[in-house]
Amino acid sequence: MAKQKNPVSEADASVFDAYVYKWQQLLNLQDWRIERGSRPIKNAMASVEFNPPARLAVYRLGDFGSEPITPDSLEHTAIHELLHVLLFDLIEVASGKSTNEEVESAEHRVVNVLEKLLKEYG
């Protein structure tokens, strides 16, 4: 088994958890239960897996490789994973047999969140 080159420490994981909570609020994802998985992910900085019926997203941290582990890189990675959660419904309805109204509703959820963030922070 190959040893991780730049694994996230428990202290760094706690910082990451706080960023996940921050961005869950900012991206209006309170309808999702978002939790950290217990096993590290291999060959990635982080990943997220979904259980749609439970509205559960489980993220796992991995190896940052040559990327320094800093508050900025932890927050950037947390934002990246939470954007996967934000886009989950849109991708699901767009790739399935959804009505135009369902696709439009999912699209507007993303648009409304981004509009609020851009207006507030832009």
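Q: What makes the backbone of Asn28, in the loop between α1 and β1, worth a remark on its phi?
A: In this predicted model, Asn28 sits in the loop that joins α1 and β1, and its phi is positive, about 55°, although the residue is not a glycine. Most residues other than glycine have a negative phi.

Q: Why is Asn28 called partly exposed?
A: The relative accessible area of Asn28 is 44%, and the partly exposed class lies between the cut-offs of 20% and 50%, so Asn28 is placed in that class.

Q: Which residue in the loop between β1 and β2 has a positive phi, and why is that residue called exposed?
A: The residue is Asn43, found in the loop between β1 and β2, with a phi near 65°, again a positive value in a residue other than glycine. Its relative accessible area is 82%, and exposed means over 50%, so Asn43 counts as exposed.

Q: Why is Gln24 called buried, and what does Gln24 touch?
A: Gln24, which lies in helix α1, has a relative accessible area of 10%; buried means under 20%, and therefore Gln24 is counted as buried. Leaving aside neighbours within four places in sequence, its contacts are Leu29, Gln30, Trp32, Ile34 and Leu82.

Q: How do you know that Ser47 is buried?
A: Ser47, in strand β2, has a relative accessible area of 16%, and the cut-off for buried is under 20%, so the value places Ser47 in the buried class. Residues up to four places away in sequence are not counted when Ser47 is said to touch Ile41, Val58, Tyr59, Arg60 and Glu81.

Q: What makes Thr77 a buried residue, and which residues does Thr77 touch?
A: Thr77 is found in helix α2 and has a relative accessibility of 5%; since buried means under 20%, Thr77 counts as buried. Not counting residues up to four places away in sequence, Thr77 touches Phe16, Met45, Ala46 and Phe64. Of these, Phe64 is 13 residues from Thr77 in sequence, and the two C-alpha atoms are 9.9 Å apart in space.

Q: How do you know that the end-to-end distance of helix α2 agrees with its number of residues?
A: Helix α2 covers residues 71-95, 25 residues in total, and at 1.5 Å a residue it should span 36 Å. Its end C-alpha atoms are 35 Å apart, which agrees with that expectation. The helix nevertheless bends, by about 45° at Leu87.

Q: Which residues of α2 are buried, and what covers them?
A: The buried residues of α2 include Ser73, Leu74, Glu75, Thr77, Ala78, Glu81 and Leu82, and further along Val85, Leu86, Phe88, Leu90 and Val93. What covers them includes two helices, α1 (10-26) and α3 (100-121), together with the strands β1 (33-36), β2 (46-51) and β3 (56-61).

Q: What is the order of elements along the protein, and how many helices and strands are there?
A: There are three helices and three strands, and from the N terminus on they run α-β-β-β-α-α. Of the 122 residues of the protein, 34% count as buried. Among contacts with a separation of 6 or more, 57% are between residues 24 or more positions apart.

Q: How many positive and negative side chains does the protein have?
A: There are 13 positive and 19 negative side chains, with the centres of the two sets 6 Å apart.

Methods
Residues numbered from 1 in each chain as written. Predicted model: local features only at pLDDT ≥ 70, side-chain atom pairs only at ≥ 80, totals over all residues. Heavy atoms only, no water. Helix = DSSP H or I, 4+ residues; strand = E, 2+ residues; numbered from the N terminus. Expected span 1.5 Å × (residues − 1). Bend = angle between axes of the 7 residues up to and from the residue. Buried < 20%, exposed > 50% of the residue type's maximum accessible area, 1.4 Å probe, protein only. Contact = heavy atoms within 4.5 Å. Lys, Arg positive; Asp, Glu negative; His and termini not counted. Charge placed at Lys NZ, Arg CZ, Asp CG, Glu CD.
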